[in-house]
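Subject: Structure for you to look at

Hi,

Here is the structure I promised to pass on. Have it open while you read, and my notes follow right below.

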Amino acid sequence: MTEQLYGTPGTAAAPPARFAVPGRIAVSEQVAATWQTATLTEVRRETPYASTFRLAVPRWAGHLPGQHLMLRLTAEDGYVAQRHYSIASAPDDSGHIELTLDRVPDGEVSGWFHTVARPGDTIDVRGPLSGFFAWPGDRPALLLGAGSGVVPLMSMVRHHRGRGLSVPLRMLVSARSPEELIYAGELGAETTAVFTRSAPGGVPVGRMSAAHVAPLLAEQPPGGWEAYVCGSNGFAEHASRLLVAAGQPVDRIRIERFG
């Protein structure tokens with residue numbers, strides 16, 4: 001499940017942004033509330049603990065980078081498990097979406113995906129859900145993520161690349177080690193990786209710090225950054241404090257917490 005909040009602890013919530021962008025994907029609440037049958041078509045290993053699951057959803061109405069969906073599994077005895085998962089793929093017209101899931105100890109849904117699911121299996125999905133963390137590509141984006149918090153941010157990076165957008169985008173991502181860095185082979189010049197337990201030779205080990213954040217805030221693009229922070233409660237609080245200390249306005253920090 002995800003807890004979705006604006007700002008930093010102790011601050012007032014910022015109002016949702018209203019996007020007015022040519023070509024924006026608009027999905028009615030009625031469509032987003034309708035359950036659809038998705039078919040698993042591909043499984044890709046990302047790290048020893050995370051895999052990407054590609055789903056064919058022929059009637060998918062589209063989404064914005066940063067949105068998530070509700071997923072439902074129903075057992076033979078009628079037991080139902082539902083979870084929210086961020087969408088990893090960029091918006092396109094392929095009729096497919098991708099989810100990247102960590103295998104959570106004792107996780108009912110993630111455990112099923114990692115140990116039981118095979119191409120051809122079907123799952124119920126509905127969405128897209130929540131527009132507050134969405135980034136349609138209309139303003140400079142500064143992305144900070146840790147662990148699987150990189151998933152919705154990668155949707156934004158892919159959207160930026162796929163549309164050839166000229167608006168500035170930068171990403172800072174934290175992982176315990178290079179082996180646990182999700183999408184490692186896909187990250188490019190827009191991304192700086194921080195490693196907290198082990199790192200390649202010559203790369204310092206440690207938490208994301210002011211030394212990583214401050215340079216990006218020192219030279220801001222026209223209009224300033226819209227900051228998107230995604231990760232655990234601890235990371236979200238730490239990263240948001242770094243942003244505020246470096247001068248990022250609180251009302252331009254969007255936070256999605258996993259926990």
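T39 stands opposite T122 in β7. Strands here are DSSP runs of E with at least two residues, helices are runs of H or I with at least four, and both are numbered from the N terminus. Before you go on: this is a predicted model, where local features need pLDDT of at least 70 and side-chain atom pairs count only at pLDDT 80 or more, while totals for chains, interfaces and linings use all residues. Residues are numbered from 1 along each chain as its sequence is written, and side-chain values use heavy atoms, with hydrogens and water left out.

Back to β7 (residues 122-129): 4 bridges tie it to β2 (residues 36-45), and the two run antiparallel. Two strands count as paired if DSSP finds at least two bridges between them. Along β7 you can also find V125 opposite Q36, and D124 opposite R72. β4 pairs with β7 too, in the antiparallel sense and over 4 bridges.

Zoom out and you get an open sheet of 6 strands, antiparallel, in the order β5-β4-β7-β2-β3-β6. Why is one side of β5 (80-86) and of β6 (96-102) left without a neighbour in the sheet? Those strands stand at the edges and each has a single partner strand, so nothing in the sheet flanks the other side. On average, neighbouring strands are turned by 40° against each other, direction ignored. Helix α2 (residues 108-115) packs on this sheet, touching β2, β3 (50-56), β4 (68-74), β5, β6 and β7. Touching, or contact, means heavy atoms within 4.5 Å. The direction of α2 makes about 80° with that of β5 (axes are lines fitted to C-alpha atoms, for helices over the stretch in contact, and angles run from 0 to 180 degrees between N-to-C directions).

Now for strand β9, where R170 lies. Is R170 buried or exposed? Neither quite: its relative accessibility is 37%, so it counts as partly exposed (buried is under 20% relative accessible area, exposed over 50%, partly exposed in between, with a 1.4 Å probe and protein chains only). Leaving aside neighbours within four places in sequence, R170 is in contact with A141, L142, L143, E190, L216 and W225. Its C-alpha atom is 8.6 Å from that of A189, 19 residues apart along the chain.

Have a look around and tell me what you think!

Cheers
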